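Colleague: I am new to this structure and should like to understand the reasoning behind the terms used for it. May I put some questions to you?

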Amino acid sequence: MALARPVVFGNWKMNGSAADGEALCRALAAKAASGLEGTLGVFPPAVLLPRAGAWLDASPVLLGAQDCHGEAKGAFTGDLAAPMLVEAGAKAIIVGHSERRQYHDESDATVRGKAEAAIAAGAIAVICIGETEAEYVAGETLQRLEAQLAGSVPDLATAATVVVAYEPVWAIGTGRTPTNAEITAAHGFLREQLVARFADGADFRLLYGGSVKASNAQEILHLANVDGALVGGASLEADGFWTIYEAGLGG
Ligand code: PGA
């Protein structure tokens, strides 16, 4: 079964001390103590995963990891395998974030391999795609998304095992976002592609990411085919992150 809407995930990236992480997790766990209608998740740096699980306690807040290797084990110094992350408490793993694609030269094939590894380990693969600013300016957004979706999402994907995040590279950490019409067009296009390829394509969760914050969450989260958000900077503060989640409730 696909995750309950809205799906709001916080990608901490390479931020936060253990003390920061504990305060954030405990605050979110307290807010979620009486249950969650949707899905709220935190994706801390991997070294914090076991402790984050303890800080979240028995709350329904989902714990995830930011990346994994495509192999289940082996001689890959410094890398982390999906089964290790799952053992450390991760229920979902982000793969193909643009910062991995850009700074670690990850191709669609690499990302697909990582997604397969995450799914094989029992985690949900959160697969990120998105056009660069040059592609956006050239009007090539949908072409780029079509290629990345086809290349990065494995054939065995289902709505229960894969979440797709549309994150325009130029909107990440910049305070800029596409227009509502542009987000709607991109998500509608992704939905069409998923429906054409997968029997349960209509149920896949499609997240928007890139400068989502408390002040714009309400309008973005209620656009057609936007099932939630992948949030970076604004996920590092509990009240603001919770406000984004609440903005997605009700429809
Ligand atoms: P941002 O990052 O919310 O800080 O723009 C989003 C992301 O990279 O997932």
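**Reasoning from values to terms**

Modeller: Let us begin with strand β1, whose two faces are both covered: V7, F9 and N11 are buried on one side, and V8 and G10 are buried on the other. Please bear in mind that this is a predicted model.

Colleague: Why are the residues of β1 divided between two sides?

Modeller: In a regular strand the side chains alternate between the two faces of the sheet. Hence V7, F9 and N11 are listed for one side and V8 and G10 for the other.

Colleague: What makes β1 largely enclosed by the rest of the structure?

Modeller: A residue is called buried when its relative accessible area is under 20%. In β1, residues 7-11, 5 of the 5 residues are buried, so the strand is largely enclosed.

Colleague: How do you know that β1 and β2 pair?

Modeller: Pairing requires at least two bridges between the strands. β1 and β2, residues 39-43, have 5 bridges and run in the parallel sense; V7, for example, stands opposite T39 in β2. Between these two strands the chain passes through helix α1, residues 18-31, in a right-handed β-α-β crossover.

Colleague: Which other strand is joined to β1, and by how many bridges?

Modeller: Strand β8, residues 228-231, runs parallel to β1 and is joined to it by 4 bridges. Here F9 stands opposite L230.

Colleague: Why do β2 and β3 count as a pair?

Modeller: The requirement is at least two bridges, and β2 and β3 have 2, in the parallel sense. G41 has L62 of β3 as its bridge partner. Together with helix α2, residues 49-56, β2 and β3 form a right-handed β-α-β unit.

Colleague: What covers the description of β3 itself, and how is β3 linked to β4?

Modeller: Both faces of β3, residues 62-65, are covered, with L62 and G64 buried on one side and L63 and A65 buried on the other. β3 pairs with β4, residues 92-95, over 2 bridges in the parallel sense, and G64 stands opposite A92. Helix α3, residues 82-87, completes a right-handed β-α-β unit with β3 and β4.

Colleague: Why is D105 called exposed?

Modeller: Exposed means over 50% relative accessible area. D105 has 67%, so it counts as exposed. D105 is in the loop between α4 and α5, and its phi is near 55 degrees, a positive value in a residue other than glycine.

Colleague: Why, then, is N225 called partly exposed?

Modeller: The term applies between the limits of 20% and 50%. N225 has 28% relative accessibility, so it counts as partly exposed. N225 is in the loop between α9 and β8 and has a positive phi of about 65 degrees, although it is not a glycine.

Colleague: Where is there a cis peptide bond?

Modeller: The bond from R5 to P6 is cis, with omega near -5 degrees; P6 lies in the segment before β1.

Colleague: How do you know that H97 makes a polar contact with the ligand?

Modeller: Such a contact is a pair of N or O atoms within 3.5 Å. A polar side-chain atom of H97 lies 2.7 Å from an oxygen atom of the ligand. Polar backbone atoms of G173 and S211 also lie within that limit of a ligand oxygen atom, at 2.7 Å and 2.8 Å respectively. The protein covers 95% of the 280 Å² of accessible area that the ligand has on its own.

Colleague: How many residues surround the ligand, and of which classes?

Modeller: There are 13, K13 and E167 being among the closest. The shell has 4 nonpolar, 7 polar and 2 charged residues.

Technical notes
Residues are numbered from 1 along each chain as its sequence is written. This is a predicted model: local features need pLDDT of at least 70, side-chain atom pairs count only at pLDDT 80 or more; totals for chains, interfaces and linings use all residues. Side-chain values use heavy atoms; hydrogens and water are left out. A residue is near a molecule or strand if one of its heavy atoms lies within 4 Å of it. A polar contact is a pair of N or O atoms within 3.5 Å; within protein, one must be able to donate a hydrogen and the other to accept it, and residues adjacent in sequence count only if both atoms are side-chain atoms. Accessible areas come from the Shrake-Rupley method with a 1.4 Å probe; for residues, only the protein chains shown count as cover. Ala, Val, Leu, Ile, Met, Phe, Trp, Tyr, Cys and Pro count as nonpolar, Asp, Glu, Lys and Arg as charged, and the others, Gly among them, as polar. Buried means under 20% relative accessible area, exposed over 50%, partly exposed in between (1.4 Å probe, protein chains only). A crossover is right-handed if, with the strands pointing away from the viewer, the path from the first strand over the helix to the second runs clockwise.
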